[in-house]
Amino acid sequence: MTPSDDDSQTDQGGPPSQTHNHEPGSQHSHDTKQHTNDIDESSLSREQGTVTRFAVPEMDCPSCAGKVENSVKRLDGINDLNPQATTGTLTVSYDDERTSATAIAERVEKAGYTVEDESETSIKLTVPEMDCASCAGKIENALKKTGVTTYETRPTTGTVVVTFESSRVKEADVIKAIESAGYGVTETRTDKSGDHKAGGERESIWTSSRALKTWVSGGFVALGLLFEFFLTGQNIQIAGLLGTELLVADVLFLIAVATGGQEILRNGYYSARNLNLDIDFLMSVAILGALVASLVFGEALYFEAATLAFLFSIAELLERYSMDRARNSLRELMDLSPDEATVKRNGGTETIPVDEVAVGDIVVVKPGEKIPMDGAVVDGESAVNQAPITGESVPVDKTAGDEVYAGTINEEGYLEVEVTSAAGENTLSRIVEMVEDAQSNKTEREQFVERFSAYYTPVVVVFAVLTTVASPYVLGTTWSTAVVYGLTLLVLACPCAFVISTPVSVVSGITSAAKNGVLIKGGNHLEAMGAVDVVAFDKTGTLTKGELTVTDVVPLNGNSEEDVLRCARGLEQRSEHPIGEAIVAEAGSAGVDEREVDDFESITGKGVRANLDGTPHFAGKPGLFEELEFDLSHVHATTEGGVVTQTARQLCDRNNCLDLLEETVPELQAEGKTVVLVGTEDELEGVIAVADEIRPEAKRTVARLKQLGVARTVMLTGDNERTARAIADQVGVDEYHAELLPEDKVTAIEELVDEFDGVAMVGDGINDAPALATATVGVAMGAAGTDTALETADIALMGDDLAKLPYLYELANDANGVIRQNIWASLGVKAGLALAVPFGYVPIWLAVLAGDAGMTTAVTGNAMRLSRIRPAIDDRDTVPDS
């Protein structure tokens with residue numbers, strides 16, 4: 001199917017909805033195939049065809065969505081659709097040669113709903129102070145009131161992505177809503193092709209205005225403690241308020257609350273305003289509750305209020321610091337690309353921002369500089385460090401015609417590069433964009449945490465109220481102690497560490513992988529890769545290099561290797577067959593002379609014939625030479641000196657005699673090689689073996705995967721049984737399936753998925769797209785600069801390096817372990833502290849430091865361990881070759 005042009009929507013008269021056309025042959029990802037009930041526009045856009053979003057505001061419940069879905073499904077040419085009752089939108093992927101946007105809109109109207117015209121705008125806003133789930137909740141509640149179409153908050157990167165109809169909502173309204181929740185917006189990007197740079201250097205957390213207020217608050221807390229416990233004689237009454245006495249220590253504690261609690265109470269106000277039961281609201285209630293109990297009921301809880309204000313401010317600073325550590329990994333990825341480029345213009349050069357560089361411009365890259373744009377080398381030669389994109393540890397030599405990527409480093413030579421991709425559309429920009437968007441694909445554990453946290457806070461708040469009311473009667477405590485117990489439980493009621501435990505681990509793992517040349521398209525794929533039991537490999541281009549090369553040259557009857565290659569080159573240089581091309585390339589690299597060729601003839605299914613320097617020569621299958629009446633069971637190999645002696649001829653049963661039919665040819669074919677014989681009508685000159693060479697790292701990769709715990713490795717190929725068996729034996733896979741069509745590979749993957757919990761398919765990302773989409777996780781090889789491969793697979797190995805697969809599996813395994821540790825540790829600590837509160841074992845300062853700041857810092861630090869995992873430079877040290 002050929003997608004329509006960009007103006008097809010207008011021609012069809014359909015509503016001006018968002019439409020995306022895609023390249024022929026692109027396939028939908030595994031997300032679309034496996035999760036049809038949870039499809040977003042990004043996954044639909046990978047479906048072959050056109051994707052259009054319709055505004056259906058009256059579709060506001062699951063029943064409505066079902067009716068619309070059933071009505072639209074009746075159309076011929078619908079690939080996939082996703083009705084979203086929560087946003088009143090319908091996203092449809094369809095074949096625009098078989099249906100149209102107008103027809104889809106009519107089907108929606110027949111279901112009883114109106115399709116409204118919509119002009120949508122998507123913006124990404126940087127909100128650096130949004131660094132926890134409760135912050136995100138306040139912003140989400142504020143955005144709900146603006147009428148935006150969709151929104152997504154990403155605390156781990158401090159960004160908010162909002163989509164809205166520009167006819168109804170303005171960008172200023174969105175920013176104002178976020179600011180009304182108490183958070184500042186420092187940067188706005190209207191689309192994802194914009195600049196990926198962070199908005200300048202961020203203020204140091206420890207010298208920020210909030211930090212300074214916190215230090216002042218801590219000073220007053222320390223002075224108050226001094227008077228409370230050490231200078232008791234000087235702790236005199238200095239004021240009275242609402243009938244209660246205020247001692248020196250009490251006043252100092254109140255000043256500590258006023259300075260350290262200012263930001264807390266401010267954020268608590270916004271939480272209440274947006275009806276969000278988060279940590280800021282709970283802490284505000286706790287502080288104000290302690291003050292009310294002190295001033296109205298004379299319970300003297302000034303120390304507790306001051307401790308809450310100071311320690312919680314410390315906790316917030318620690319949380320911000322921990323989150324910044326996670327965000328820095330993504331910032332480092334964004335900062336790989338330079339801001340400026342040197343361009344050849346008007347007979348000279350000038351330095352301009354990369355945004356102003358156009359496709360076709362020639363950029364100059366000097367030694368030591370970063371390459372600013374994707375492009376092709378037109379002049380110069382150099383070694384380029386591609387580690388930022390492909391993760392390759394060794395610089396790659398580049399000469400005229402070679403492709404280079406933005407963000408890579410020119411090591412030594414001078415290069416002139418013709419730009420092939422605009423700013424924001426190059427490989428690095430797509431990687432950064434996909435890493436940022438990867439947070440949208442939530443893992444199953446993350447979804448569980450979100451569901452659980454929705455019940456956790458209300459339950460603990462109710463427990464706090466019951467503890468406060470019941471403690472004096474059940475446990476015999478005083479009312480002041482019961483109030484302290486209740487305040488302590490309110491501190492423990494927010495599941496911040498619990499909620500952040502999974503996304504911060506996912507961000508750490510995904511960004512670490514991206515910096516090592518592995519692009520993971522979502523946390524769900526990272527989680528799935530860690531649970532894989534079976535890894536299935538395509539053969540050509542995955543376990544092998546995908547290019548035929550000459551592996552053996554056996555000269556016969558006194559000829560040398562050069563003689564054989566010289567004849568073979570003359571015979572094959574007019575052939576377009578891959579085997580002929582491999583032989584010509586080998587002869588060229590060996591430097592053999594060319595021969596005069598005429599009367600070239602292709603013998604269908606058997607080989608070729610031509611006159612070389614006037615003498616008829618043949619090259620082809622052994623059967624061709626049997627037809628020429630050669631005795632292939634009795635030929636003489638050339639000795640090392642190049643001459644077969646008379647004695648050797650007399651003793652040929654023991655010296656230099658070959659049986660091509662029974663020994664040499666079958667042995668070569670058993671190694672997965674194709675055999676070509678070369679000779680004249682009177683003499684057999686030699687044997688050439690050609691094969692798709694196995695990747696040097698293939699055997700080590702398979703062995704390493706088994707060491708790491710993969711239960712089974714499988715090879716899937718369309719090649720013949722003999723070649724498949726030879727490759728499988730050499731690589732060491734557990735089983736192989738040969739002579740498979742693309743649909744047969746899909747069937748094989750489906751059978752593995754039915755038998756095992758998790759199956760990863762590794763292929764080239766294009767020809768293997770159906771199998772990649774069917775597997776639990778699809779992994780594409782060599783995706784750097786390849787749009788189709790980037791779109792097709794769940795995970796892409798940016799460099800053509802199979803050795804990154806064990807690193808990916810180990811990283812995913814460790815990420816799953818870290819996520820489990822974070823979830824259960826944060827939940828266990830909070831639950832343990834909460835249960836111990838009514839028995840007096842948990843002071844309020846411990847609840848703040850251990851339950852909030854401590855656990856948030858701990859789960860973030862634990863997640864950052866994933867960044868220390870690196871691909872092995874050489875697995876030979878750990879995996880034997882034999």
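Colleague: How many bridges join strand β25 to strand β28 in this predicted model?
Modeller: Strand β25 holds residues 615-620 and strand β28 holds residues 674-680. Strands are DSSP runs of E, at least two residues, numbered from the N terminus. β25 and β28 run antiparallel, and the bridges that join them number 4.

Colleague: Which pLDDT do local features need?
Modeller: Residues are numbered from 1 along each chain as its sequence is written, and side-chain values use heavy atoms, without hydrogens and water. In this predicted model, totals for chains, interfaces and linings use all residues, side-chain atom pairs count only at pLDDT 80 or more, and local features need pLDDT of at least 70.

Colleague: Which residue in β28 is the bridge partner of His617?
Modeller: β25, residues 615-620, is joined to β28 by bridges. In β28, His617 has as its partner Thr680.

Colleague: Which strands stand at the edges of the sheet with the order β22-β29-β28-β25-β24-β23?
Modeller: This open sheet has 6 strands with antiparallel pairing; two strands pair if DSSP finds at least two bridges between them. Each edge strand has a single partner, so one side of each lacks a neighbour in the sheet. They are β22 (544-555) and β23 (597-603).

Colleague: At what angle to β22 does helix α21 run?
Modeller: Helices are DSSP runs of H or I, at least four residues. Angles run from 0 to 180 degrees between N-to-C directions of axes, lines fitted to C-alpha atoms, for helices over the stretch in contact (heavy atoms within 4.5 Å). Helix α21 (residues 578-590) lies across β22, β28 and β29. Its angle to β22 is about 65°.

Colleague: Which residue in β17 is the bridge partner of Gly375?
Modeller: Strand β14 (residues 375-380) and β17 run antiparallel, joined by 2 bridges. In β17, Gly375 is partnered by Val404.
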